[in-house]
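User: I would like to go through the classifications assigned to this model and the criteria behind them. Please set each value against its definition.

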Amino acid sequence: MVDCAMTESKPDAGSGTGQDAADKAAPSPAAPADLAGLRVPHDRTGANPDTRPDERPDEGYDIRIARDGTWFYHGSPIGRLPLVKLFSTVLRRDDSGDYWLITPAERGRIRVDDAPFVAVEMRREGQGQDQALSFRTNLDQWVTAGAEHPIRVALDPESGEPSPYIHVRGEIGRGLEARLNRPVFYELADIALAADGDVGGEGPAGVWSQGLFFALERDHGEKGT
């Protein structure tokens with residue numbers, strides 16, 4: 001049986017940066033047109049990743065991606081979705097788990113509360129082991145679960161709450177992921193439970209996509225990042 005108990009800092013819904021309603025209610029702050037406008041002083045005495053791409057200037061950007069996928073600049077949400085989409089194309093993650101915005105000229109570390117993207121919609125094509133499950137992120141990118149985009153479920157070692165993710169891009173294991181929001185995970189769990197009943201409940205509950213099986217039950221002790 002799949003444990004579907006989850007907590008959220010705020011609801012996830014629809015496309016955009018994760019809080020479209022708030023953007024409409026209040027004007028968003030002026031956002032820079034390029035990375036140079038984001039630069040803030042960075043403490044170079046801190047630990048820098050051993051795997052940084054090159055010797056470009058190492059700066060810090062006052063940007064945070066909240067757990068619901070909202071991008072914040074100087075503590076205020078960025079309401080310009082095209083700008084967020086543009087910045088997301090230069091987002092990278094290093095071996096230590098830190099996130100960076102990197103261009104040919106500049107690079108800067110940013111903060112990510114959980115995963116940089118949120119899966120807000122699921123599409124199912126086919127049935128059983130031949131089905132394909134595709135997910136749309138809050139930045140309107142579609143990825144189909146499979147060898148290049150595996151699904152994983154991490155469990156909080158203290159609460160036991162599941163956090164489901166799908167790999168979006170980069171090297172699997174240290175690339176960029178999307179966290180499945182609650183409605184999408186419930187929809188995925190429904191598919192798993194239906195399949196579980198067909199086979200008599202043997203083995204871990206999970207789903208098939210592009211010929212691969214992804215378990216939705218994991219051992220306790222692993223926590224998503």
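Analyst: A charge sits over a ring if NZ of Lys or CZ of Arg is within 6 Å of the ring centre and within 35 degrees of the ring normal. The model to which this criterion is applied here is predicted.

User: What makes Arg 123 count as sitting over the ring of Trp 142?

Analyst: The charged end of Arg 123 is 4.1 Å from the centre of the Trp 142 ring, and the limit is within 6 Å. Arg 123 is therefore classed as a charge over that ring. Arg 64 is likewise placed over the ring of Phe 72, at 4.7 Å from the ring centre.

User: Why is Pro 104 called exposed?

Analyst: The relative accessibility of Pro 104 is 79%, and exposed means over 50%; Pro 104 therefore counts as exposed. Pro 104 is located in the loop between strand S6 (99-102) and strand S7 (107-112). Its C-alpha is 9.8 Å from that of Val 90, with 14 residues separating the two in sequence.

User: Why is strand S9 described as largely enclosed by the rest of the structure?

Analyst: Buried means under 20% relative accessible area. Six of the six residues of S9 are buried, so the strand is largely enclosed. Both faces are covered: Ala 132, Ser 134 and Arg 136 are buried on one side, and Leu 133, Phe 135 and Thr 137 on the other.

User: How do you know that S8 and S9 pair?

Analyst: Pairing requires at least two bridges. Strand S8 (residues 117-125) and strand S9 (residues 132-137) are joined by six bridges and run antiparallel, so the criterion is satisfied. Glu 125 has Ala 132 as its bridge partner in S9, while Arg 124 stands opposite Leu 133. The two strands form a hairpin with six residues between them, and Gly 126 in the turn has a positive phi of about 85°.

User: What makes S9 and S10 a pair as well?

Analyst: Three bridges link S9 and S10 in the antiparallel sense, against a requirement of at least two. Phe 135 has Val 143 as its bridge partner in S10. Four residues lie between the strands of this hairpin, where Asp 140 adopts a positive phi near 65°.

User: Why are S10 and S11 called edge strands?

Analyst: The open sheet has six strands in the order S10-S9-S8-S13-S12-S11, with mixed pairing. Strand S10 (142-144) and strand S11 (151-155) each pair on one side only, and are the edge strands. From one strand to the next, the twist averages 40°.

How values were computed. Residues numbered from 1 in each chain as written. Predicted model: local features only at pLDDT ≥ 70, side-chain atom pairs only at ≥ 80, totals over all residues. Heavy atoms only, no water. Axes fitted to C-alpha atoms, helices over the stretch in contact; angles between N-to-C directions. Buried < 20%, exposed > 50% of the residue type's maximum accessible area, 1.4 Å probe, protein only.
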